[in-house]
Structure formats: structure tokens, C-alpha cells
Amino acid sequence: MEVGLRLGRLRASLDDAGCGALLVTSTTNIGYLTGFTGSAGLLLIDADRAVLVTDGRYRDQAPREIAGTGTEVEVEIAVAGRQQLLKGLTAGITNLGLEANSITWTDQRRFIEWFDGTSLVATDGLVETLREVKDKGELARIGAAAAIADAALAEIWPMLDTGPTERQVASALDNAMRNLGASDRAFETIVAAGPNSAHPHARPGDRTIARGDLVVCDLGAIVDGYHSDMTRSARIGGPGDGPEAEMLTAVLAAQQAGIATVADGVATAAVDAVCRSVLTEAGLGDAFTHGTGHGVGLDIHEAPALSGTSTATLRSGQVVTVEPGAYIAGVGGVRWEDTVVVESGGCRRLTMSPSAT
């Protein structure tokens, strides 16, 4: 991964953000910028240097991980006196940027005391904006996570016909992903059957999956910190007919239309509009109750959002989901979701499990 180039890109944005330095408090952002994977630390970045302040637990780990990325970051171990250390590092800095999305009110009050005499500037998404476009190493890791989820679903799918509970299927998927090399599941795996599938974020329960049920399986894996996300839907025993069959066909058509729209330079809202128009034409517009997708990377939900209210434009190298759905109380729900890479002339799927009703 091109970790060594990221600090330079961030520094180029500091002036426009109105700050002479940035204190990075999000551990996810610290890992992105330095390669450090510890759970505690503060990263101070100005025009000339970057200093990671962490504690004694990471005395050996932090320098080793940072050295492996080729990033020029100094490591300071502060068992005590962290305030004094940071006060000295920020001496002469007039405006210090803080990550507004990752600090609490308590943190802010603490930093006002720590950095007395320095103006604190709220910044929004300086690092997250850099994270939107993935390099080759990041794409490889997301692709590996997608392949693990694909393999786990293929391994477990026959189980759906044997009368298991939702919880048993979800547990089997989680175990399969870990056995296939995932460090963890990307989120709480969703397996929802029958009426439960009408809830987009249903939690697996003890309901037995039966013939005729609509079933939604939403899963993802993590590899080296990078996530994948995929949803597949089916009706146990075959699509049959009636509203369940119509939902399966219409939602799959909406998803295929959405994927065909994704490309560099396309408005994210346009992808949402295409999916929504297909479902509206099928009489299911009111049953589509969430946005069409989201970015995926070090977090399972990142920018950009693919929704009707989004003003973003897709860029090559972004990784997003396309996941329209339809949900009818008392009948069930259907969602088709793939993780794709935005490219100049379209997109490339990373999740490759078959989409068949």
C-alpha cells in the first residue's frame, strides 16, 4: 500500500482547512496514515514532521509497524506527562486542527486546557476524503475480503434447505469466514427469513427457515483491516410466484441497473435514482426504505453515500456498494448487494457470488 505518500497529501490540505497542524485522534485514521494498528495514540502532523504519541504497551510495536510502511513518523512513548509533551510539540502553532467527527465534548474541553493559547479549529473529513480513493494494495485487501465472503456463502448456502434457524446460519457463516482467513466479520451478519426479512437490519433469531420463506443473507469479512459487504436473497424451494417472486425479480433488476450506472464522474444520487425508478415502475417504490449504497474500506460505512440526498460524484478507485431492497411487512424482504470498484468506463465487481432468484 502507498502509506508513505499519504502524509504529504494530507499536509497539502492543511492551509485550506485553516490550520497549521492537525491532531489526529481517530485510531482508524492514524492507522491509515502511519500503519500503526494499536488502540491508543495521538498523531500530530504539521508542515515538517509527524509525531505519534502512544503509551508503553506499544513501545516496540509502533516503531516496527511504522518502519514497515516507509513513513516518516517519530514515535514518542508517554507513560505520564502526555499533556506536557504535546504542549511542547505544538509550541509556535497558532491554529491546531481537531477531527470534529472523532472527539467527544469531554475531549474538546480537555484539549482547550492542554493547548491554552492555541486556537482549536474543527476540521471535517480531511483524512476521510483521502481514504475514499483506494490504492492497489487497498483494493487487493478488499478483494480478498470479498472472496472470503463469497467462499463462505457458497459453503453454507446448501444449509438453507435443511431447516436451520437464522442464528445457526449466521454462526456458520461467521465461522466459515474466519476459517477461510478473515480476521473477523465486517459487521454482525444478517440472516433474516420469512416476515423477519422485511426488516432491513434484522438480527438473527431462533426462527426456523422453512420452505416458501424469503431469506436475506448480508455478510462481509475483514482482511488486514479492510472490509467487504454483500447481500444475497432467495426463496426457499425456488422463486415460485406471487409478491415474493415479483420482489426477487424487481430488486435484482434494480441492482443490475444501478451497477450499470456506476462510473467515474457519475453523480452518486443518479445511481440511487436509477435503482429507485426500476422499483417504482414495479410498484415497489414505497418498499425501498434506505439509500442505495455506501463506501467501503477501513470502515464498513464510509463516504461516499449513494442516496437521493448525496451531492457527491463518483471517482475512479472508490469502492462502493450497490444494494437496493424492497420490504413488505407480513410478506418479507429482498436485497441484492455487491461491492464494486469505480472505474473510468463503469465498475468492477469484487463480490462474485451468483445473483439468481
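# Exercises on helix packing and strand pairing

Helix H9 passes helix H10 in a right-handed crossing. The model is a predicted one, and the exercises below start from this helix pair.

**Exercise 1.** Determine how H9 and H10 are oriented relative to each other, and classify the residues that form their contact.

*Solution.*
Step 1. Helix H9 covers residues 243-261 and helix H10 covers residues 268-281; their axes come within 8 Å and cross at roughly 155°.
Step 2. Angles over 145 degrees count as roughly antiparallel, and H9 and H10 are therefore roughly antiparallel to each other.
Step 3. On the H9 side, the contact is made by Ala-250, Val-251, Ala-253, Ala-254, Ala-257, Gly-258 and Thr-261. H10 contributes Ala-270, Val-271, Val-274, Cys-275, Val-278 and Leu-279.
Step 4. Sorted by class, the contact of H9 with H10 has 11 nonpolar and 2 polar residues, and no charged residues.

**Exercise 2.** Decide whether H7 is oblique or roughly antiparallel to H8, and state the class composition of their contact.

*Solution.*
Step 1. Helix H7 (residues 136-156) and helix H8 (residues 166-179) pack at an angle of about 135°, and their axes are 9 Å apart.
Step 2. This angle makes H7 oblique to H8.
Step 3. The handedness of the crossing of H7 and H8 is right-handed.
Step 4. H7 supplies Ile-148, Ala-149, Ala-152, Leu-153, Glu-155 and Ile-156 to the contact, whereas H8 supplies Val-169, Ala-172, Leu-173, Ala-176 and Met-177.
Step 5. By class, the contact of H7 with H8 comprises 10 nonpolar residues, no polar residues and 1 charged residue.

**Exercise 3.** For the open sheet of 3 strands, give the strand order, identify the strands at the edges, and locate Asp-224.

*Solution.*
Step 1. The order in this sheet is E7-E10-E11, and the pairing is antiparallel.
Step 2. Strand E7 (184-185) and strand E11 (226-227) each have a single partner strand and stand at the edges, so one side of each is left without a neighbour in the sheet.
Step 3. Two bridges define the register of E7 with strand E10 (residues 221-223), that is, 2 bridges in the antiparallel sense. Asp-184 stands opposite Ile-222 in E10.
Step 4. Helix H7 lies across E10 and E11, and runs at about 140° to E10.
Step 5. Asp-224 is placed in the loop between E10 and E11. Its phi is near 50°, which is a positive value in a residue other than glycine.

**Exercise 4.** Describe the open sheet of 6 strands by order and pairing, and find the helix that lies across E1, E2, E3 and E5.

*Solution.*
Step 1. The strands follow the order E4-E3-E2-E1-E5-E6, with mixed pairing.
Step 2. The edges are held by strand E4 (74-77) and strand E6 (119-123); each has a single partner strand, so one side of each is left without a neighbour in the sheet.
Step 3. From one strand to the next, the twist averages 25°.
Step 4. Within this sheet, strand E2 (residues 42-46) pairs with strand E3 (residues 50-54) in the antiparallel sense over 4 bridges. Leu-43 stands opposite Leu-52 in E3.
Step 5. The helix sought is H2 (residues 27-34), which lies across strand E1 (21-24), E2, E3 and strand E5 (95-99), at about 55° to E2.

**Exercise 5.** Establish how E18 and E19 are joined, and find the strand that contains Pro-304.

*Solution.*
Step 1. Strand E18 (residues 338-343) and strand E19 (residues 346-349) run antiparallel, with 4 bridges between them.
Step 2. A hairpin through 2 residues joins E18 to E19. Glu-343 stands opposite Gly-346 in E19.
Step 3. Pro-304 belongs to strand E14 (residues 302-306). The peptide bond that leads from Ala-303 to Pro-304 is cis, with omega near 5°.

**Exercise 6.** Compare the radius of gyration of the chain with that of a compact globule.

*Solution.*
Step 1. The chain contains 10 helices and 19 strands.
Step 2. Along the principal axes, the C-alpha trace spans about 70 × 40 × 35 Å.
Step 3. A compact globule with 357 residues would have a radius of gyration near 21 Å; the chain has 23 Å, which agrees.

Notes
Residues are numbered from 1 along each chain as its sequence is written. This is a predicted model: local features need pLDDT of at least 70, side-chain atom pairs count only at pLDDT 80 or more; totals for chains, interfaces and linings use all residues. Side-chain values use heavy atoms; hydrogens and water are left out. Two strands pair if DSSP finds at least two bridges between them. Axes are lines fitted to C-alpha atoms, for helices over the stretch in contact, and angles run from 0 to 180 degrees between N-to-C directions. Angles under 35 degrees count as roughly parallel, over 145 as roughly antiparallel, 65 to 115 as roughly perpendicular and the rest as oblique. A crossing is left-handed if the near helix is turned anticlockwise from the far one by less than a right angle, and right-handed if clockwise. Contact means heavy atoms within 4.5 Å. Ala, Val, Leu, Ile, Met, Phe, Trp, Tyr, Cys and Pro count as nonpolar, Asp, Glu, Lys and Arg as charged, and the others, Gly among them, as polar. The radius of gyration is taken over C-alpha atoms; the globule rule is 2.2 Å times the number of residues to the power 0.38.
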